[in-house]
Amino acid sequence: MTTTTTTHCPCGSGRDLATCCGPLIGGAPAPTAEALMRSRYTAFTLGNLDYIDGTHASDMDEPFDRAQGQAMIDEFQWRGLEIVRHKDGGPTDQTGEVEFIARFRSGGQKGIHHERATFKRENGRWVYVDGEINPKAATVVRENKVGRNDPCPCGSGKKYKKCHGA
């Protein structure tokens with residue numbers, strides 16, 4: 001009787017590593033920006049700095065800091081990945097954005113890395129461009145429309161249609 005061992009993928013997809021991020025880390029192209037993001041997280045959990053470095057855009061402002069990456073591997077115990085949202089980054093897109101929260105423990109303390117990362121296609125493959133750490137939520141502006149029979153917002157006491165709505 002043969003037994004096979006399966007390992008759940010650290011990216012949180014619920015799939016096995018061998019059918020999720022494993023092939024991407026092994027060299028297969030990521031089909032989406034989100035898939036690349038998940039595989040980069042998994043590479044951090046596995047300590048694979050070559051993959052992290054190899055998935056950076058060639059025209060990044062600052063080159064990948066391997067010492068900093070190694071420090072993150074050595075000091076952090078990655079505890080989970082949550083994709084907050086994604087914009088574009090599909091199989092036919094050229095650019096994409098993925099907002100994520102990566103949970104970790106370091107020195108006995110819990111922490112999070114919250115980032116809105118941007119991606120693009122370079123030579124047909126998704127690559128990481130840059131990211132905004134601790135992005136602010138988009139502000140929703142609501143405009144209250146004044147009805148014709150509502151009191152005028154100027155405070156005159158008249159109906160809007162008889163005051164400023166005329």
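Is F100 buried or exposed? Select it first: at 5% relative accessibility, F100 counts as buried, where buried means under 20% relative accessible area, exposed over 50%, and partly exposed in between (1.4 Å probe, protein chains only). This is a predicted model, in which local features need pLDDT of at least 70 and side-chain atom pairs count only at pLDDT 80 or more, while totals for chains, interfaces and linings use all residues. Residues are numbered from 1 along each chain as its sequence is written, and side-chain values use heavy atoms, with hydrogens and water left out.

**Overview**

Colour by secondary structure. The protein has 4 helices and 4 strands, in the order α-α-α-α-β-β-β-β from the N terminus. Helices (H or I, at least four residues) and strands (E, at least two) are DSSP runs, numbered from the N terminus. Of the 166 residues, 33% count as buried.

**The core**

Return to F100, which sits in strand β2. Its C-alpha atom is separated by 8.7 Å from that of M37, 63 residues away along the chain. Both residues are among those with the most contacts inside the largest nonpolar core, along with C21, L81 and F119. This core has 31 residues; a nonpolar core is a set of buried Ala, Val, Leu, Ile, Met, Phe, Trp, Tyr and Cys residues joined through side-chain atoms within 4.5 Å. At least two core residues come from each of α1 (22-25), α2 (33-46), α3, β1 (77-88), β2 (95-106), β3 (109-122) and β4 (125-133). The largest share, 7 residues, is supplied by α2.

Next, select Y128 in strand β4. Y128 is buried, at 12% relative accessible area. Show S58 as well: the two are 70 residues apart in sequence, with 9.4 Å between their C-alpha atoms.

**Salt bridges**

The structure holds 10 salt bridges, each a side-chain nitrogen of Lys or Arg within 4 Å of a carboxyl oxygen of Asp or Glu. Display D53 and R66, whose closest N and O atoms are 3.7 Å apart. D53 is in helix α3 and R66 in helix α4, so the pair ties together parts that are 13 residues apart in sequence. D53 is partly exposed at 33%, and R66 is partly exposed at 37%.

Move to the strands and select R103 and E82, which form a salt bridge at 3.5 Å, N to O. R103 lies in strand β2 and E82 in strand β1, 21 residues apart.

Then pick R116 and E132, with a salt bridge at 3.0 Å, N to O. R116 belongs to strand β3 and E132 to strand β4, 16 residues apart. R116 is buried at 16%, whereas E132 is partly exposed at 39%. Add R85, E97 and E99 to the selection: salt bridges that share partners join these residues with R116 and E132 into one network.

**Backbone**

Most residues other than glycine have a negative phi. Select D88 in strand β1, where phi is positive, near 55°. D88 is partly exposed at 46%. N134, in the segment after β4, also has a positive phi, of about 50°, although it is not a glycine.

**Surface**

Finish with D61, in the loop between α3 (49-54) and α4 (66-75). D61 is exposed, with a relative accessible area of 81%. Add E62, D65 and D130 to see a patch of negative charge on the surface. Patches are made of residues with over 30% relative accessible area and no salt bridge, like charges being joined within 9 Å and nonpolar side chains (Val, Leu, Ile, Met, Phe, Trp, Tyr) within 5 Å. Asp and Glu count as negative, and Lys and Arg as positive; His and the chain ends are not counted. The place of a charge is taken as NZ of Lys, CZ of Arg, CG of Asp or CD of Glu.

Note on methods
Areas by Shrake-Rupley, 256 points an atom, 1.4 Å probe, with all protein chains shown as cover.
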